[in-house]
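Subject: A structure for you to look at

Hello,

Here is the structure I promised to pass on to you. Have a look at it first, and then read my notes below with the 3D view open.

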Amino acid sequence: MKQKPVLERDDVARVLEHARTEARANAWAVTIAIVDDGGHLLALERLDGAAPVSTAIATEKARTAALGRRPSAAYEEMINGGRTSFLSAPLTAMLEGGVPIVIDGQVIGAVGVSGVKSNQDAQIAVAGIACLASPASSAIGERPTFPGQNRTNAG
């Protein structure tokens, strides 16, 4: 039987705190959603000034990244590249800003952000997830990189 890590309450709180810090450092009014590996909502925070619709979009970006096991931007790129059949996929937010949380090669959840430009949404999500990369590098404001981080797995 395989085993894999799971997000615990403290992990979710840390990811949310780091993502919030990144958003505030840039004065970005966004909503941050964190889901488990099945796309079920674990945390949601709409920062002051974020549009109400951003709660639905952030949640769906996170869900898309968790269920698809890849950044939501990958779907946007496929569609923009001509694979319009992905528009019929049962995912509703195929826009950049949803990033899977990958630990030991396993997707254990995802972070979705909505409220600013899509690449900025992804930046916030990656900053939140970075606190899980290394316990020694998880101070607020720090942004450690993941081993082998690139555009495909970083959002």
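Let's begin at one small spot: Asp 104 sits in the loop between strand 3 and strand 4. Please keep in mind as you read that this is a predicted model. The phi angle of Asp 104 is near 50 degrees, a positive value in a residue that is not glycine. That is worth a second look, because most residues other than glycine have a negative phi. With a relative accessible area of 68%, Asp 104 is exposed. The two strands on either side form a hairpin, with two residues between them. Strand 3 covers residues 98-103 and runs antiparallel to strand 4, and six bridges join the pair. To find one of these bridges, look for Gly 98, whose partner in strand 4 is Gly 112.

Ala 27 is another residue with a positive phi, about 55 degrees, although it is not a glycine either. You will find Ala 27 in the loop between helix 1 and strand 1. Its relative accessibility is 69%, so Ala 27 counts as exposed.

**The overall layout**

Now zoom out. The protein chain has five helices and four strands. Starting from the N terminus, they follow the order α-β-β-α-α-β-β-α-α. Of the 155 residues in the chain, 47% are buried. Among contacts with a separation of 6 or more, 61% are between residues 24 or more positions apart. The accessible surface is about 7900 Å², and carbon and sulfur atoms account for 51% of that.

**Two helices to follow**

Helix 1 runs over residues 9-25, and its 17 residues reach 24 Å from the first C-alpha to the last, close to the expected 24 Å. Its buried residues include Val 12, Val 15, Leu 16 and Ala 19, along with charged ones such as Asp 11 and Arg 20. What covers the buried residues of helix 1? The cover includes strand 1 (31-36), strand 2 (41-46), strand 4 (106-114) and helix 4 (118-130).

Helix 4 has 13 residues and spans 18 Å, close to the 18 Å expected. Of those 13 residues, 10 are buried, so helix 4 is largely enclosed by the rest of the structure. Among the buried ones are Gln 120, Asp 121, Ile 124 and Ile 129.

**The nonpolar cores**

In soluble globular proteins, nonpolar side chains tend to be buried together. The largest nonpolar core here has 23 residues, and Val 30, Ile 32, Ile 34, Val 111 and Ile 124 touch the most other members. Helix 1, strand 1, strand 3, strand 4 and helix 4 each give two or more residues to this core. Which element gives the largest share? That is helix 1, with five residues.

Ile 124 is a good residue to click on. Leaving aside neighbours within four places in sequence, Ile 124 is in contact with Ala 19, Glu 22, Ala 23, Trp 28, Val 30, Ile 32, Val 113 and Val 116. Apart from this core lies another, of seven residues, including Ala 58, Ala 65, Ala 66 and Ala 110.

**Charged pairs**

Side chains of opposite charge can pair when their charged atoms come close. The count comes to five salt bridges, and I will walk you through some of them.

- Asp 37 and Lys 4 form a salt bridge, with their closest N and O atoms 2.6 Å apart. Asp 37 is in the loop between strand 1 and strand 2, while Lys 4 is in the segment before helix 1, so many positions back along the chain that they are 33 residues apart. Asp 37 is partly exposed, with a relative accessible area of 26%, and Lys 4 is partly exposed as well, at 31%.
- Arg 20 and Glu 45 meet in a salt bridge, at 2.8 Å from N to O. Arg 20 lies in helix 1 and Glu 45 in strand 2, so this pair ties together parts that are 25 residues apart in sequence. Are these two residues buried or exposed? Both Arg 20 and Glu 45 are buried.
- Glu 60 and Arg 63 form a salt bridge, with their closest N and O atoms 3.4 Å apart. Both belong to helix 2 (residues 53-68), and because they are three residues apart there, about one helical turn separates them. Glu 60 is partly exposed at 23% relative accessibility, and Arg 63 is partly exposed at 27%.

Enjoy exploring, and send me any questions that come up.

Best wishes

Key
Residues are numbered from 1 along each chain as its sequence is written. This is a predicted model: local features need pLDDT of at least 70, side-chain atom pairs count only at pLDDT 80 or more; totals for chains, interfaces and linings use all residues. Side-chain values use heavy atoms; hydrogens and water are left out. The expected span of a helix is 1.5 Å times one less than its number of residues. Buried means under 20% relative accessible area, exposed over 50%, partly exposed in between (1.4 Å probe, protein chains only). Contact means heavy atoms within 4.5 Å. Accessible areas come from the Shrake-Rupley method with a 1.4 Å probe; for residues, only the protein chains shown count as cover. Two strands pair if DSSP finds at least two bridges between them. A nonpolar core is a set of buried Ala, Val, Leu, Ile, Met, Phe, Trp, Tyr and Cys residues joined through side-chain atoms within 4.5 Å. A salt bridge is a side-chain nitrogen of Lys or Arg within 4 Å of a carboxyl oxygen of Asp or Glu.
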